[in-house]
Amino acid sequence: MKYTICLLAISMIAGLSSCSLFGLDYQFNYENEAAPVTTELNMTCYEFIRSRSNSDLVLMYEAINRAEMQEFYETDNLTYFLLDDEEFASWLTTKKYASVASVPKSELQTMLKGYTLPGLYHSADLTTSPIDVLTCNGVLSIRLRLYPNPPTSSQDLNAMQAGYVNEDGTVNYSKCHTTNLRPTNGIAHLLHTRFLAL
């Protein structure tokens, strides 16, 4: 028993004297400054969507190609809201289309531009005070804001919310489940809940 305890103590001391423990590096600098979490992508937004065209952005990729908007998703200084397959399928169902192939190109173009903003909108640039930005389709505005979650929440403390501004000024906010992706041509946010207009 004493031999086991002694061996355990020696292992712990050796582990603590190294630069890592259980594969995790120690933090030696205790004056770290806060920095916005961001994911730099070494590809355009279109290339990113194409890279996920066999997983969760199958319908988004199909819609962009059907609408002939590949170049639009490679344009600089745009903020893209991307719908995962579940939400894109929900949009198709709401619009009573059986598939992306059955949607007129012009309607897809209007829809995709309605999920894109001119300019760069990173969550680090937002506050809890909402701002309204006209979408690239020139008809709808998207309201953006930070929404602080309670400290006990398992979600980000400052979740980004966005949604269409209705005619009466109300907004049905959607939370972005992945924010601040940085393709080489702009910013992308992934939505798990699509924007709804009343």
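Two strands count as paired if DSSP finds at least two bridges between them. On that basis, this briefing describes strand S10 and its partners in a predicted model, in which Leu 82 stands opposite Leu 190 of S10. The chain has 198 residues, of which 37% are buried, and its secondary structure comes to 5 helices and 10 strands. Among contacts with a separation of 6 or more, 54% are between residues 24 or more positions apart.

**Strand S10 and its partners**

- Strand S10 spans residues 186-191, and because 6 of its 6 residues are buried, the strand is largely enclosed by the rest of the structure.
- Gly 186, Ala 188 and Leu 190 point one way from S10, while Ile 187, His 189 and Leu 191 point the other way; residues of both sets are buried.
- Strand S4, residues 78-83, pairs with S10 in the parallel sense over 6 bridges.
- Strand S9, residues 174-182, runs antiparallel to S10 and is joined to it by 3 bridges.
- Leu 181 has Ala 188 of S10 as its bridge partner.
- The connection from S9 to S10 is a hairpin through 3 residues.

**Packing of helices H3 and H4**

- Helix H3 (residues 58-66) and helix H4 (residues 85-94) have axes that come within 7 Å and cross at roughly 55 degrees.
- This crossing angle makes H3 oblique to H4.
- On the H3 side the contact is made by Val 58, Leu 59, Met 60 and Ala 63, and on the H4 side by Asp 85, Phe 88, Ala 89 and Leu 92.
- By class, the contact of H3 with H4 comprises 7 nonpolar residues, no polar residues and 1 charged residue.

**Nonpolar core**

- The largest nonpolar core contains 44 residues.
- Met 60, Tyr 73, Phe 81, Leu 82, Phe 88, Leu 112 and Leu 144 are the residues with the most contacts inside this core.
- Strand S4 gives the most to the core, with 5 residues.
- Two of the core residues named above, Met 60 and Phe 88, also take part in the contact of H3 with H4.
- Leu 82, likewise named among those core residues, is the residue that stands opposite Leu 190 in S10.

**Surroundings of Leu 144**

- Leaving aside residues up to four places away in sequence, Leu 144 touches Phe 81, Leu 117, Tyr 121, Leu 126, Ser 129, Pro 130, Ile 131, Val 133, Met 160, Gln 161 and Ala 162.
- One of these neighbours, Phe 81, is itself listed with Leu 144 among the residues with the most contacts inside the core.

Conventions: Residues numbered from 1 in each chain as written. Predicted model: local features only at pLDDT ≥ 70, side-chain atom pairs only at ≥ 80, totals over all residues. Heavy atoms only, no water. Buried < 20%, exposed > 50% of the residue type's maximum accessible area, 1.4 Å probe, protein only. Helix = DSSP H or I, 4+ residues; strand = E, 2+ residues; numbered from the N terminus. Axes fitted to C-alpha atoms, helices over the stretch in contact; angles between N-to-C directions. Parallel < 35°, antiparallel > 145°, perpendicular 65-115°, else oblique. Contact = heavy atoms within 4.5 Å. Nonpolar A, V, L, I, M, F, W, Y, C, P; charged D, E, K, R; others polar. Core = buried A, V, L, I, M, F, W, Y, C linked by side-chain atoms within 4.5 Å.
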